[in-house]
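Let's take a walk through a protein chain, strand by strand. Keep the picture open while you read, and look for each residue as we get to it.

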Amino acid sequence: MSLPHFYLERQVLAAEAEPEFVLRLSDDDVKHARVLRFSDGEHIAVVDAAHDYFECEIVSFEGTYPVVRIAQHLEEEQDRPLVVLVQGLAKGDKMESIIRHATEVGVGAFVPFACERAIVKLDAKKAQAKCTRWEAIAKSAAMQSGQPSIPEVMMPQKLGEVCELIKNAHAVLICWEEAPGTAKLANALHEGLVAAGAEPRDARIVVVVGPEGGLTQAEVDALLASNPHAALVTLGPSILRTETAGVVAPALVLYELRR
């Protein structure tokens, strides 16, 4: 059974002088820890502000914060692939569902994409509020699934901004319903890595999924032109909802990278 995960924003555990010390969790994480009703002697996983990974033992939890001791310094993989999901803005709570489930499978960053056919239109104030909510969901999902870090969630980006962001990726996989049936995701991923001279363990891969209305031809053309290792891919003969494709596509990429 995996340990409950917590992420520290300002505390570096290697700098603690005493063997037992206060774990300075955020207010929300303190509430979460209390809900879990930790007993003395239980163990938790902690990723500190230096992105160092520890297993800690609860010594006591009677005050505001838990008091812990380091049980062991856990070794995390130094080289991990980064999969970024560029997701067309979806209506309702679909973006929340995508971010939650894609975090669970291991997506490392999210770029909400203000596509031409997106039903959702956000002004600056609404976009900020949405982004704050998405960040909280990503953190909660990372804690629940034991991810080594919390995914970054960017503010919604327009086409030109997305093209600039993805220009240095080792591969850009554009999921499009009009892609030919021969445009297999695994093949495009492999060809992109070979062309970029990148190893799977430290690859930076971008997956693009359109909104409910799909990507326009102009958007597809711009995305393909933004990176020499960009390619159209199909997810099979079925037409997937955007909230399904936004989880399935990066999950397939992560599977292929680890395979």
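Cys56 sits on β4, and its bridge partner in β5 is Ile70. This is a predicted model, so treat everything below as a reading of that prediction. Cys56 has a relative accessible area of 0%, so it counts as buried. The two strands around it, β4 and β5 (residues 67-73), pair in the antiparallel sense over six bridges. They also form a hairpin, with six residues between them.

Now step to the other neighbour of β4. Strand β3 (residues 43-47) and β4 (residues 53-60) run antiparallel and are joined by five bridges. One pair to look for is Val47, whose bridge partner in β4 is Tyr53. These strands make a hairpin too, with five residues between them, and there His51 takes a positive phi near 60°.

Keep going and you reach β1, which runs parallel to β3 and is joined to it by three bridges. Here Phe6 has Val46 of β3 as its bridge partner.

Put together, these strands belong to an open sheet of five, in the order β1-β3-β4-β5-β2, with mixed pairing. Which strands stand at the edges? They are β1 (5-7) and β2 (20-22); each has a single partner strand, so one side of each is left without a neighbour in the sheet. From one strand to the next, the twist averages 45°.

**Another set of strands**

Next, find β7. How many of the five residues of strand β7 (residues 109-113) are buried? Five of the five are, so the strand is largely enclosed by the rest of the structure. In a regular strand the side chains alternate between the two faces of the sheet. You can follow that here: Ala109, Val111 and Phe113 point one way from β7, while Phe110 and Pro112 point the other way, and all are buried.

On one hand, β7 pairs with strand β6 (residues 82-88) in the parallel sense, over five bridges. Within that pairing, Val86 has Val111 of β7 as its bridge partner. To get from β6 to β7, the chain passes through helix α2 (residues 94-105), and this β-α-β crossover is right-handed.

On the other hand, β7 pairs with β8, again in the parallel sense, over two bridges. Phe110 stands opposite Val153 in β8. The route from β7 includes helix α3 (residues 124-145), and β7, α3 and β8 make a right-handed β-α-β unit.

Just past β8 there is a residue worth a click. Lys158 is in the loop between β8 (152-153) and α4 (159-165). Is Lys158 buried or exposed? Its relative accessibility is 59%, so it counts as exposed. Compare its place with that of Ala136: the two are 22 residues apart in sequence, and their C-alpha atoms are 23 Å apart in space.

**Charged pairs**

Side chains of opposite charge can pair when their charged atoms come close. The count of salt bridges here comes to ten, and the table shows some of them.

| Pair | Closest N to O distance |
|---|---|
| Arg24 and Glu16 | 3.9 Å |
| Asp29 and Lys139 | 3.2 Å |
| Glu243 and Lys94 | 3.9 Å |

Start with the first row. Arg24 has 46% relative accessibility, so it is partly exposed. Glu16, at 24%, is partly exposed as well.

For the second row, Asp29 and Lys139 form a salt bridge. Asp29 lies in helix α1 (residues 27-36) and Lys139 in helix α3, so the pair ties together parts that are 110 residues apart in sequence. Both of these residues are buried.

The third row is the salt bridge between Glu243 and Lys94. It links distant parts of the chain, with Glu243 in helix α7 (residues 242-258) and Lys94 in helix α2, 149 residues apart. Lys94 has a relative accessible area of 17%, so it is buried. Elsewhere, Glu20, Glu57 and Arg69 are joined into one network by salt bridges that share partners.

**Back to the cysteines**

How many disulfides does the count come to? It comes to zero. Take Cys163: it is in no disulfide, and the nearest cysteine sulfur, that of Cys115, is 11 Å away. Cys163 has a relative accessible area of 14%, so it counts as buried.

Conventions:
Residues numbered from 1 in each chain as written. Predicted model: local features only at pLDDT ≥ 70, side-chain atom pairs only at ≥ 80, totals over all residues. Heavy atoms only, no water. Helix = DSSP H or I, 4+ residues; strand = E, 2+ residues; numbered from the N terminus. Buried < 20%, exposed > 50% of the residue type's maximum accessible area, 1.4 Å probe, protein only. Disulfide = S-S within 2.5 Å. Pairing = 2+ DSSP bridges. Right-handed = clockwise from strand over helix to strand, strands pointing away. Salt bridge = Lys/Arg side-chain N within 4 Å of Asp/Glu carboxyl O. Axes fitted to C-alpha atoms, helices over the stretch in contact; angles between N-to-C directions.
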